[in-house]
Amino acid sequence: MNRPRPEARPGRCAVFCLGAALLFPPAAAAAATNAPVIGAAAIDFELRSLDGKTVRLKSFLGRPLVINFFASWCDPCREEMPLVNELARAAGDRYRVLGVAVEDSRAAVAQYAQEAQLVFPIALDPNSTVRRAYRIFGPPATFFIDGRGIVRDIVLGPMTPERARSAGKGWRRTVNPASFKAGLTFGSRPP
């Protein structure tokens, strides 16, 4: 026996669409939760470096920055590290490279940095506070940030030379920090 179809109810569609929007928020909603996205300001942080000095993201304002999240125990990180090291060697005064070691001990990172002959500074994120703020599920991950503190590209997972070249286009613009508009710092929204 065939049942008659119920009449279409516009309210049901609205409830379904609202539910879908809550389950799958658009990119603008993700940006509102301060998740780093391309075109948004990078999230400021403060960590300790291998040599015990304080490393703050905002200290890099005025010069483009490559942040590479890695771990000494991570095989894909070890595979991409020669490329990251080459980026650091090629940087000169045009940009900086910062490694952020996640879920790792100071001793393990120091040993790995020496073995791999890493030429860039390394900050330690032993409790994954910064990793979580940047919404990284696991290393490696690389963020390309311009001189104004805006995320210009993100590479989640191992980076290839081709991907590094394509990510590097357009983000290396050096900016004089004195020319910043008042209030524009890491963690704030661009104008």
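Is Phe143 buried or exposed? Phe143 is buried, with a relative accessible area of 1%. The notes below place that residue in its surroundings.

1. **Status and fold.** The model is predicted. The chain holds 6 helices and 7 strands. In sequence order they run α-α-β-β-β-α-β-α-β-α-β-β-α.

2. **Burial and surface.** The chain has 191 residues, and 43% of them are buried. About 11,000 Å² of the chain is exposed. Carbon and sulfur atoms supply 57% of that area.

3. **Contact range.** Take the contacts in the chain with a separation of 6 or more. Residues 24 or more positions apart account for 71% of them.

4. **Aromatic pairs.** The count is 5 aromatic pairs. One of them joins Phe69 and Tyr134, with 5.6 Å centre to centre and 45° between the planes. That pair is tilted. Phe69 sits in strand β3 (residues 65-70). Tyr134 lies in the loop between α5 (129-133) and β6 (141-145). The two residues are 65 residues apart, so the pair links distant parts of the chain.

5. **The second Tyr134 pair.** Why is the pair of Tyr134 and Phe143 called edge-to-face? The ring centres are 5.0 Å apart and the planes of Tyr134 and Phe143 stand at 85°, so the pair is edge-to-face. The cut-off for that class is over 60 degrees, with centres within 6.5 Å. Tyr134 is buried, at a relative accessible area of 2%. Phe69, its partner in the tilted pair, is buried too.

6. **Ring cluster.** Ring pairs link Phe45, Phe69, Tyr134 and Phe143 into a cluster. Phe45 also belongs to a nonpolar core, covered in point 9.

7. **Largest nonpolar core.** This core has 26 residues. Phe70, Met81, Val97, Leu118, Phe120, Ile122 and Met159 touch the most other members. Two or more residues each come from β3, α3 (75-91), β4 (96-102), α4 (106-116), β5 (122-125) and α6 (161-168). Helix α3 gives the largest share, 7 residues. In soluble globular proteins, nonpolar side chains tend to be buried together.

8. **Ile122 in detail.** Which residues does Ile122 touch, leaving aside those up to four places away in sequence? Ile122 touches Arg48, Ser49, Leu50, Phe70, Gly99, Ala101, Val109 and Ala113. Among them, Phe70 is also one of the core members that touch the most others.

9. **Second core.** A separate core has 22 residues. Its members include Phe45, Leu57, Ile145 and Ile154.

Methods
Residues numbered from 1 in each chain as written. Predicted model: local features only at pLDDT ≥ 70, side-chain atom pairs only at ≥ 80, totals over all residues. Heavy atoms only, no water. Phe/Tyr/Trp six-rings, centres within 6.5 Å; stacked < 30°, edge-to-face > 60°. Helix = DSSP H or I, 4+ residues; strand = E, 2+ residues; numbered from the N terminus. Buried < 20%, exposed > 50% of the residue type's maximum accessible area, 1.4 Å probe, protein only. Contact = heavy atoms within 4.5 Å. Areas by Shrake-Rupley, 256 points an atom, 1.4 Å probe, with all protein chains shown as cover. Core = buried A, V, L, I, M, F, W, Y, C linked by side-chain atoms within 4.5 Å.
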